[in-house]
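Notebook open, model loaded. I want to go through the loops, the cores and the holes.

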Amino acid sequence: MADVPGTRTRLVARASELSRIEAVLARAGEAGQASVIDISGEPGIGKSRLMGEVCGRARAAGFTVLRGRATEYEQHTPFQVFTDAFTEVARELAADEPALTDAAVVLHGGVRGSRGDTAGSGAVRFGVHRAIAGLLARLGEHGLILAIDDLHWADPASQELVDHLIRHPVAGPVLLIVARRGRQTLTSLAAALTRGADSGVVHRVALEPLPEKECIGALAHGVPAEHAERLYAVSEGNPLYLISLVHAYENGSRAAATGRTGLVLPSGVPDGVPDGLASLLLDELTTLTEPQRHVLEAAAVLGDRATPGLLAAVTATGAQELDELTEALAQRDVLRPGSDGGWVLRHPLLRALVYGGTPPGRRAELHRRAAAELARDGAAVTERAHHVERSLTEWDPHAAALLVEASARLASTAPATTAHLLDSVLRHMPDTVEFSRRRGELVLARARALGVGGSLRESRDLLHKLIVASDDGDADLRAEAIAQCAVMERYLGHSPEAAALLRRELSRSPGPPPERAVSLRLALGMSKLLTGAYSEVRADVVEAVADARRHDDPPGEAAALALAALGDAYEGRTRTAARFADESAALTDALPDPVVTDVPEALVWLAWAETLLERYTEAERHLTRGLDIARRSGQVLVLPHLLTNRALIHLHTCRLPSALEAVDEAESIARATGSSDLIAFTLAIKTLVLLLSGPLNGKDALATGEEAVALVGTKRGWWAALAWCMLGHAARIGGDPHRAREAILTAGGGQELTLLQPSIRPGQLDALVSISVATGDLEQAVRWADRATREAELLGLGGQRAAALCGRATLAEHRGDPAEAIRLLDAAVEEYARLGLRLWEAYALLRTAALAGRMREHGRATALWQCARRIAVEGGARLLTDLSELVRLGTGEEEPALPEELAALTARELEIAGLVADGLSNQDIASRLHLSRRTVETHLSTIYRKTALPSRSALAGFMARTGPAPQM
């Protein structure tokens, strides 16, 4: 962008603030340092001037500087401030570069397209966030400043992107600097900045009034001291106000004494702007000629698009006359040169006063002319929508059609703008029978956009009105509204209300159309599942399967089968869940993507069911397809469910970096929806990911778990129980077994644990065994271990069976029976390895290695330790690598390196090789590991082949030379 209006005076009395900001600049990119600078203050206090000074110094120091300004009357132009900031650099980037595809909607305008409509590319807005963060990292290799002025006026899409950059600071020497008015900043954005300040990401700079001496010396030095002091007192230290007072004084205006001109102020003067300052700015305009005034009004309407061509078109002025008028306005310092050869008003306050003072009819006509000229120039409908919407004063079907088209194209990247444009159409649409069906469709579309954009309550309330209005009308529209309303209720944490709404609709006579009845039954099933009461609606879900089959509805049938699988898997009915999952997968895999797009929940439910059934390969295949479809179709609300599923699978299979990436994205989307329940669910999964990927004494997991349970409060249900369980695990690893026990029992609703998810209850019981041992309650530990064993056997799930074995091993170890503990852990390792649960395999191996070391089986201990550590290091499981260090540090030995020849061996093969080194025979090894002698011989044959060693003695000698064994 061009130099910002209001930066022509020198910086006054801001040395302290400037020094603090320069200190942040000097440490840009260093670990633990702030990556955002938040400059706040009242209008006219000097925020833009300070930002300009900082940008100038940063540029001189070698930083790349991108600077954009949000504008008051373009608050529904998506990504406007970022497009402004990227104006110059966008020209230098290759438009067809694949890495910039998702960023194009920002680089070339959230509503603009050169020969098409970039906003209609289908990129989901969260993909845009990641793309822009990646682009900033690339541009900032040698230092970059992204400066955003007047952030309080930023459009919702831009504010959401700023929130993302605060939560996920760009790696490297990249700083985001924002300037804003505190009283006009949206609560959500202010909260994001506050959270950032609390975590050290945001450095705050609040600008106070300037001191009298410096202010007068710099801005009123030509005014006699007595008068200057009086002017300063009126200005209250606001530099813009003082400059206006001095200007009035020098021109002989009486208003200089009081700051009041007697002019009537237009509506819309921003909060915090002194009436006197507004009056003085208006006073400057009283001597303008009518043609000058008209050009100024047109510039206020056009904003950053006030090019000579557009100004000439909307004012119907010839080029030569326009040049004369703009030059005269520039000489009076009312207009200043902007970007792309255009013009801007000197200060945003001046623009607000001119725009607000323009007669409404003329203002609408100027917008109408601007839209027409943009259409002649080939601008996309999304670019013209701003002016069309502001020109509407009565029902215009052509204008309404354009706004509806623009709203559809913006839905995936800027849902708040979509909702705003549809609201404008609905406000002007005649409320007659002729338009009733179309009105209902647009209300439904607006409610959907509000929900996706995070305005859940507003969406729900709008849907309630639509349901009432369609009570005796369009049954199909009503059913769709009820299904959507149930989703909003669910995300608001009102699953019982959602279930009641759905029950009432299903019991109506006549009932909903057959295809709608399926979707309503499925919505009912999910509502009850979230409250942990799926058994109450199992029959309804089975009926939905039958309905879909009767009416030849394959996607509906696939979705119903998937939900049936998830519900039964949740409740531990493994066999029936597996059957439903098989049938759903067969149907879903045969359906093309466009068909599955209509029922995106089908893949969510199927993937989660397969995850609970420990079918991780199938689950990952289905969730990957679901993510691809959801991203392409802009179905944002299903993304957190799929991403958390991916995070959990990658955690289990020891891919912690990608697990953290997935859950971070899920959290960002969940927070954007505004659903506290969905945020709590994603944070619960994130707690476990942070626990395993973070250091042994890390605090992030515990803090995340605490936020999750704070969000669920006293609620009961699947997600609430999960949040409390994850807090319990974080507390246990953090060394607080009493708090851990309390958290898990809270999750379960008491000692009987009836509220705990049955399909994963053995795993939670394993944790309770360890907790009870740690607190000295051995009798309870035995009860927990026995119950875990019984329930795991009933489930028939290997992972849960392995967890139960780990619990029994804990008891055996505590009783002083390491051999029995090793036997149990060996069995757990086998189960984990069979399922591909690498993380838990490494955990069990590490425990086994420690026990083997205590029994002085050093070769075996070394082999197990090395295998466990290798899995942990390769998978980014920092917690396990730290635990392995504790085992090693307890011996005082150096970490043994795993020779290249042994790197290809499995954990079991390494274990057998270690026992060979300890001198055990094949029969001894078979007895120790509870294997057959033939199995041991088969393993040894494989070991010889992989290591290229010719004999048993060669293997024993090689193992002996691998390094000193840790005394564990």
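Is A316 buried or exposed? I looked it up: A316 has 68% relative accessibility, so it counts as exposed. Keep in mind that this is a predicted model.

**Loops**

I stayed with A316 for a moment. Its phi is near 55°, which is positive although the residue is not a glycine. A316 sits in the loop between α15 (308–315) and α16 (319–331).

E614 came up next, another non-glycine residue with a positive phi, this one near 65°. I found E614 in the loop between α31 (601–612) and α32 (616–633). Its relative accessibility is 10%, and under 20% is the cut-off for buried, so E614 counts as buried.

Then I checked for a cis peptide bond and noted one between S509 and P510, with omega about 0°. P510 belongs to the loop between α25 (495–506) and α26 (514–530).

**Helix α43**

How far apart are the end C-alpha atoms of helix α43 (residues 838–854)? I get 24 Å, and that agrees with the expected span, because 17 residues at 1.5 Å a residue should also give 24 Å. I also looked at burial here: 13 of the 17 residues of α43 are buried, so the helix is largely enclosed by the rest of the structure. After α43 comes R856, with a positive phi near 60°.

**Cores**

Nonpolar side chains tend to be buried together in soluble globular proteins, and I went looking for that here. The largest nonpolar core has 254 residues, and F82, F86, L136 and L146 touch the most other members. Helix α35 (residues 676–693) gives the most to this core, twelve residues. Apart from it I found another core, of 54 residues, with L219, L277, L288 and W343 among them.

I picked F86 for a closer look. Beyond its neighbours within four places in sequence, F86 is in contact with L66, V106, L107, I132, L135, L136 and L139.

**Cavities**

How many cavities of 30 Å³ or more are there? I count four. I opened up the second largest, which holds about 70 Å³ of space. Its lining includes L136 and L146, both also listed among the residues that touch the most other members of the largest core. S35, V36, L165, P169, V170, V174, L175 and L176 line this cavity too. Strand β4 (residues 174–180) supplies the largest share of the lining, three residues. By type, I noted nine nonpolar residues, one polar and no charged.

Definitions and conventions
Residues are numbered from 1 along each chain as its sequence is written. This is a predicted model: local features need pLDDT of at least 70, side-chain atom pairs count only at pLDDT 80 or more; totals for chains, interfaces and linings use all residues. Side-chain values use heavy atoms; hydrogens and water are left out. On a 1 Å grid over the protein atoms alone, a cavity is a set of points where a 1.4 Å probe fits but cannot get out, and a pocket is an open set with protein on both sides within 12 Å along at least five of seven lines; lining residues have an atom within 4 Å of a point. Grid points are joined across faces, edges and corners, and a volume is the space filled by probe spheres set on the points. Helices (H or I, at least four residues) and strands (E, at least two) are DSSP runs, numbered from the N terminus. Ala, Val, Leu, Ile, Met, Phe, Trp, Tyr, Cys and Pro count as nonpolar, Asp, Glu, Lys and Arg as charged, and the others, Gly among them, as polar. A nonpolar core is a set of buried Ala, Val, Leu, Ile, Met, Phe, Trp, Tyr and Cys residues joined through side-chain atoms within 4.5 Å. Buried means under 20% relative accessible area, exposed over 50%, partly exposed in between (1.4 Å probe, protein chains only). Contact means heavy atoms within 4.5 Å. The expected span of a helix is 1.5 Å times one less than its number of residues.
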